[in-house]
Amino acid sequence: MDNLKELSDRKEDAKEKFKAIFMHKLQTMHGKSLDEATLHDKHTALGGFIRDYISQNWIQTNRKYSESAVKQVYYFSMEFLLGKLMGMNLINLGIKEVCQEALAELGIDLDELEQEEPDAGLGNGGLGRLAACFLDSLASLGLPGHGCGIRYRYGLFEQKVVNKHQVELPDNWLKDGYIWEFRKTDKAVSVKFGGTVSWEEVDGRLKFRLDNCEDVLAVPYDVPMIGYHNNTVNTLRLWNAEPSQREFDLSSFNKGDYLKAVEYKQSVERISTILYPEDTFYEGRLLRLKQQYFFVSAGVQSIIRRFKKKQHSIWEIPDKIGIHINDTHPAVAVPEFMRILMDEQGLGWDDAWRITTNTISYTNHTIMPEALEKWPVEMFKTLLPRLFMIVEEINERFCRSLWKRYPGDWDKIAGMAIIADGQIHMARLAVVGSYSVNGVAAIHTDILKNHLMKDYDAIYPAKFNNKTNGIAHRRWLLKANPGLAGLITQAIGPEWVTDAERFADLMKVREDAAFLSELHKVKQNNKQNLVKMIAAKYCIALDPNSIFDVQIKRIHAYKRQILNALHIIDLYNKLKENPGLDIVPRTFIFAGKAASSYSEAKLTIKLINNLAAIINNDPAIQDKLKVVFLENYSVSLGEMIFPAADISEQISTASKEASGTGNMKFMMNGAITVGTLDGANVEIRRAVGDENIFIFGLTAEQVIEYYQKGGYSAWDEYNTNPRLKKVLDQLGSGQFSDEREELRMLYDSLLYHNDEFFVLKDFATYSDVQAKVDKCYRDPKAWLKMSATNIAGAGVFSSDRTIAEYATDIWKTRPVGMSR
């Protein structure tokens, strides 16, 4: 296909060429004229054009990787929160302007076509969005890196707010198909569950066989990941679970046993139905383990098959292949890689272990106990009997090495063993079975090395390293905030798009009156756009001149949305006591999903919506406060919120947030951080200086000391702070509830359960720093200078930088240039 980008000097020719191709695509795909076509028809026609446009580059990219014999990296993750791809694909290809103008001449609004695309239901929060940003940077840097995950039929869930409560509905994002996926039936592999293991000795080696197992077909759907202006197209491979046998039992159906007729098909398809199935009961936990092994086994089998097709020596695997596991979900890659090398490739244990531990690398994303996965031995052994044998052997050998190092220290050995107390500890397996273990922010890595994984660091000091997270700056500026992107280009030139270090050049104009005036206009325009959306969807009128104070993230106790809510109640109380109180009007915006079984988080959403109903309808406070909860947070919604924010709430309990990436998106879009010294906030402060960030609360060291030594009393905070006492009394009495005891769990967790995440301890300093925000916002020039400084400091938080560090320090791979 002719390259429209190459016709940029002859835009009219390019537009005419595109219109002809688009009209032909519309007719061949749908058999309709332009007048007959629906919006969805036009969307898929444009998507079909883009697919055709990049197909040759996709083929050439894979061929170039093969010919160069460069090491290819495979990024295994349970989540890939992609957002909508159409707009970014057009930007990355360099043809958006031509297509937008040509479509307009046909009477088609490109923005409407982009909105027709669903947000792919492949992730939930920061873990999945990070993975998507990494795929963007891998392709844009020309690095040979691909994703491996699951093609979830219904995603996590679609969040609705009904009577102020979160309600979960299926996210049927695939109902109209997904234009970007390519089904590759010929690349399908078989994944086996359950059964019994038998073995026999053949030529002096044990040969293992799995009998009477459940056989599931893993069918890949490939999604192209397009690099920015470089002709590179990498691959995200998503696995779909399908029956390997006849999916419909006609014999059972004809006997009247209709459920049995489809039982097998349904049990198989359940594997790739939803992300994070409910795990408060046995079957749900079993399904989660099944999901993890399903995509890991399919991915590893596919990688080895491709490797063998190139006729490389098995000993070259660590030089040709890198498998990176994103948190503990894919940690079964360690024993699965061993299984394939031993059972299918005929290697002995020592050789297989040497290859495995030089191929797999691991990123830890959390110190939260519930996220450091453990599986009951009996569950794991029943579902994955051969893998259990391998894990057991890894554990035995590891524990023997510990015994030699720490003879007689049973407590230390038990605390480090992969199998302990009837559980298989997946984070420990990942550390022992990989050659690199990285944290995702400097403070997080320090906590890993000095606390959570201190004993492992003593044994494997060379394994542990830090790779601070980053975000895809092209999406979060070129796509989400084109007004700011254009202003940055006008001020310092376009080089920042491919070289994020150039953001620092904005320091030269951060006091320039004309630049700051334009920056203000961009922010106000983005706020107006958000105001219009909220008015249309929620019938809430917001003041764009108020401070937009935003907290959008997964709802969890350690992320402390409740602290934000308590401060809102306190402000509301002050206004009720003194309606003439001089404060800058403030709009509090929340968004995020709570896990379906997480009662405390769901009650937090209810509290926020209760506050909104009361505060937004109280004429006594003269619209000085507004509260909004935006339902069903997604990448697309984030693309509206981040550019409009004035304040970025990053208020997790210090030591609990590994890094955060929302903080980086806010910063890059000119919002000022209110935060604890947690995760990447520490590095944001370093980048912008103390005067351009609002820091409060306990430090990580203080929090850890309280956990280790005790000495904290929530009741002391309650009894010594009258304003806090009043707020808690109101919460406990049902003043902000539809029913008196409705929010009792929140009240009890703060007082009777001694406030696990130090909300009450940090309330006073949080209130103080919020008063400082009010004061600073009254000086527009100083505020805009702070905003510009944050944007200028954001370059270090580009995922281009992060991925370049991974490639150089961990994966030992390099870019492969594509002809332009």
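Select helix α24, residues 635–644, where 9 of the 10 residues are buried, leaving the helix mostly covered. The model on screen is a predicted one. To see the buried set, show Val635, Ser636, Leu637, Gly638 and Glu639, then Ile641, Phe642, Pro643 and Ala644. Now add what covers these residues: the elements include the helices α6 (126–140), α19 (473–479), α21 (513–538) and α25 (662–668), together with the strands β18 (547–552) and β20 (625–630).

Two of those covering elements lead to the next stops. Strand β20 is one of them, and the loop between α23 (599–615) and β20 holds Gln622. Check the backbone there: Gln622 is not a glycine, yet its phi is positive, at about 55°. Most residues other than glycine have a negative phi. Gln622 counts as partly exposed because its relative accessibility is 48%.

Strand β18 is another covering element. For a ring with a charge over it, select Phe548 and Lys527: the lysine lies over the face of the ring, at 4.7 Å from its centre.

A second positive phi can be found at Asn163, again in a residue other than glycine, with a value near 50°. Select the loop between β3 (158–162) and β4 (165–169) to find Asn163. Its relative accessibility is 64%, so Asn163 counts as exposed.

Go next to α12, residues 349–356, and show Trp349 and Trp353. The two rings form a stacked aromatic pair, with 6.4 Å between centres and 15° between planes. The whole structure contains 28 aromatic pairs. Why are these two tryptophans about one helical turn apart? They sit 4 residues apart in the same helix, which means a separation of about one turn. Colour them by accessibility: Trp349 is buried, at 15%, whereas Trp353 is partly exposed, at 22%. The cut-off for buried is under 20% relative accessible area.

Keep α12 displayed and add helix α14, residues 385–405. Two packed helices are described by the angle between their axes and the distance between the axes. Here the angle is about 90° and the axes are 13 Å apart. The helices α12 and α14 are therefore roughly perpendicular to each other. On the α12 side of the contact, select Trp349, Asp350 and Trp353; on the α14 side, select Ile390, Glu393, Ile394 and Arg397. The contact residues comprise 4 nonpolar and 3 charged, with no polar ones. Both tryptophans of the stacked pair take part in this contact.

For another group of rings, select Phe18, Phe22, Phe49 and Tyr53, which ring pairs link into a cluster.

Then move to Tyr460 and Lys463, where the lysine lies over the face of the tyrosine ring, 3.9 Å from the ring centre. Select Ala462 as well, in the loop between α18 (454–459) and β17 (464–466). Is Ala462 buried or exposed? It counts as exposed because its relative accessibility is 77%.

To finish, draw a distance from the C-alpha atom of Ala462 to that of Thr604: the two residues are 142 apart along the chain, and the line spans 42 Å.

Methods:
Residues are numbered from 1 along each chain as its sequence is written. This is a predicted model: local features need pLDDT of at least 70, side-chain atom pairs count only at pLDDT 80 or more; totals for chains, interfaces and linings use all residues. Side-chain values use heavy atoms; hydrogens and water are left out. Rings of Phe, Tyr and Trp (its six-membered ring) pair if their centres lie within 6.5 Å; planes under 30 degrees apart count as stacked, over 60 as edge-to-face and the rest as tilted. Buried means under 20% relative accessible area, exposed over 50%, partly exposed in between (1.4 Å probe, protein chains only). A charge sits over a ring if NZ of Lys or CZ of Arg is within 6 Å of the ring centre and within 35 degrees of the ring normal. Axes are lines fitted to C-alpha atoms, for helices over the stretch in contact, and angles run from 0 to 180 degrees between N-to-C directions. Angles under 35 degrees count as roughly parallel, over 145 as roughly antiparallel, 65 to 115 as roughly perpendicular and the rest as oblique. Contact means heavy atoms within 4.5 Å. Ala, Val, Leu, Ile, Met, Phe, Trp, Tyr, Cys and Pro count as nonpolar, Asp, Glu, Lys and Arg as charged, and the others, Gly among them, as polar.
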